[in-house]
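Colleague: Before I use this model, I'd like to go through the labels attached to it. Could you show it to me and then take my questions one by one?

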Amino acid sequence: MRIIMLGPPGAGKGTQARKLSEEFNIHQISTGDIFRKAVQESTPMGIRAKEYMDKGQLVPDEIVVGIVEERLKQPDLAKGFILDGFPRTISQAESLEQILHNSGTKLNAVINIQVPRDELIERFTGRRVCNSCGASYHVKYNPPRITGKCDICGKQLVIRPDDELETVKKRLEEYEQKTTPLIEFYRSRHLLINIDGEKSIDEVFQEIVDRLRGGKK
Ligand code: AP5
Ligand code: MG
Ligand code: ZN
């Protein structure tokens, strides 16, 4: 199964992609996580990406597409993948189409998680993340078992640097301008599945699984 997670920053793409990756036994590819790791390791790509991420802007297409193209060539993705946070511009979506076409594969579905803006702000404010394994929590909606510690690897949880309010506003603006055209792009390809992302994490998950299994669009 080859799936894309679409939706505004904070909608729950990462949270759901993780759960779907377990459910369907396929890998999650999060471009945000790839960049954060590169930033931590201060690789040349990380240093370039950080300039944009800190400002809440999208990283330029040519950097992102190259990374995804390399990742999609890896043999562990033969069974499929969940793209979380990619594509985010029409140009990225067209590149992805070309990459998949060249490898003789196709997307199965694009999950569009819809959440109103006020609720998104609430989610950023409470988000805590694990820099070690990438897990994401929320102080109220999805707290870790032990306050401040990752359930999976036990590391200290931190606030993501780009979750600061001014940066969040810019990220939402970038989403509105550059990413929302993808909704029509995938609707016209009959791949779009709209999901009400305002429900609880488990309810949203169940709805996605049902829609994917039922094959409904
Ligand atoms: P990225 O890491 O992808 O950030 P984002 O898209 O802004 O999305 P988030 O990770 O903030 O939100 P999410 O939808 O994953 O929500 P989450 O599950 O964590 O990108 C970061 C940056 O990298 C970008 O700004 C850009 O600079 C760069 N970048 C990455 N990809 C790029 C690309 N393709 N092109 C160019 N640049 C790129 O959930 C959020 C919170 O809500 C959590 O606390 C969670 O516990 C909670 N929550 C989740 N679901 C629910 C629910 N149903 N109810 C209550 N709480 C919930
Ligand atoms: Mg995410
Ligand atoms: Zn962890």
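Modeller: Sure, and one definition to start with: helices (H or I, at least four residues) and strands (E, at least two) are DSSP runs, numbered from the N terminus. The model is predicted, so local features need pLDDT of at least 70 and side-chain atom pairs pLDDT 80 or more, while totals for chains, interfaces and linings use all residues. Residues are numbered from 1 along each chain as written, chains are lettered from A and ligands numbered from 1 in the order written, and side-chain values use heavy atoms, with hydrogens and water left out.

Colleague: Which element gives the largest share of the shell around ligand 1?

Modeller: That's α2, with four residues. A residue is near a molecule if one of its heavy atoms lies within 4 Å of it. In this model 36 residues surround ligand 1, and the closest are Thr15, Gln57, Arg88, Arg127 and Arg171.

Colleague: How does that shell split by class?

Modeller: There are 13 nonpolar, 14 polar and nine charged residues. Here Ala, Val, Leu, Ile, Met, Phe, Trp, Tyr, Cys and Pro count as nonpolar, Asp, Glu, Lys and Arg as charged, and the others, Gly among them, as polar.

Colleague: What makes the Lys199 pair with ligand 1 a polar contact?

Modeller: The cut-off is a pair of N or O atoms within 3.5 Å; within protein, one must be able to donate a hydrogen and the other to accept it, and residues adjacent in sequence count only if both atoms are side-chain atoms. A polar backbone atom of Lys199 is 2.8 Å from a nitrogen atom of ligand 1, so the pair qualifies under the 3.5 Å limit. Oxygen atoms of ligand 1 also pair with the backbone: 3.0 Å for a polar atom of Gly12, and 3.2 Å for an N or O atom of Ala11.

Colleague: Why is the zinc site called tetrahedral?

Modeller: Four donors count as tetrahedral if all angles lie between 85 and 135 degrees. Around the zinc ion (ligand 3) the angles are 97 to 120 degrees, so the arrangement is tetrahedral. For comparison, the ideal angle for four tetrahedral donors is 109.5 degrees.

Colleague: How do you know which atoms are the donors of the zinc ion?

Modeller: Donors are N, O and S atoms within 2.8 Å of the metal (3.2 Å for Na, K and Ca); water is not among the atoms, so sites may look incomplete. The SG atoms of Cys130, Cys133, Cys150 and Cys153 lie 2.3 Å from the zinc ion (ligand 3), and the donor residues are spaced C-x2-C-x16-C-x2-C in sequence. Cys130 sits in strand β5 (residues 127-130) and Cys150 in the loop between β6 and β7 (157-158), 20 residues apart.

Colleague: Why is Cys130 called buried?

Modeller: Buried means under 20% relative accessible area, exposed over 50%, and partly exposed in between (1.4 Å probe, protein chains only). Cys130 has 3% relative accessibility, so it counts as buried. Cys150, at 4%, is buried too.

Colleague: And what makes Ser95 partly exposed?

Modeller: Ser95, in helix α5 (residues 90-102), has a relative accessible area of 22%, so it is partly exposed.

Colleague: Why does His190 count as exposed?

Modeller: Its relative accessibility is 63%, so His190 is exposed. His190 lies in the loop between α8 (181-187) and β8 (192-196), with phi near 60 degrees, a positive value in a residue other than glycine. Most residues other than glycine have a negative phi.

Definitions and conventions: Four donors count as tetrahedral if all angles lie between 85 and 135 degrees; four count as square planar and six as octahedral if opposite donors are over 155 degrees apart and all others between 65 and 115; anything else is irregular.
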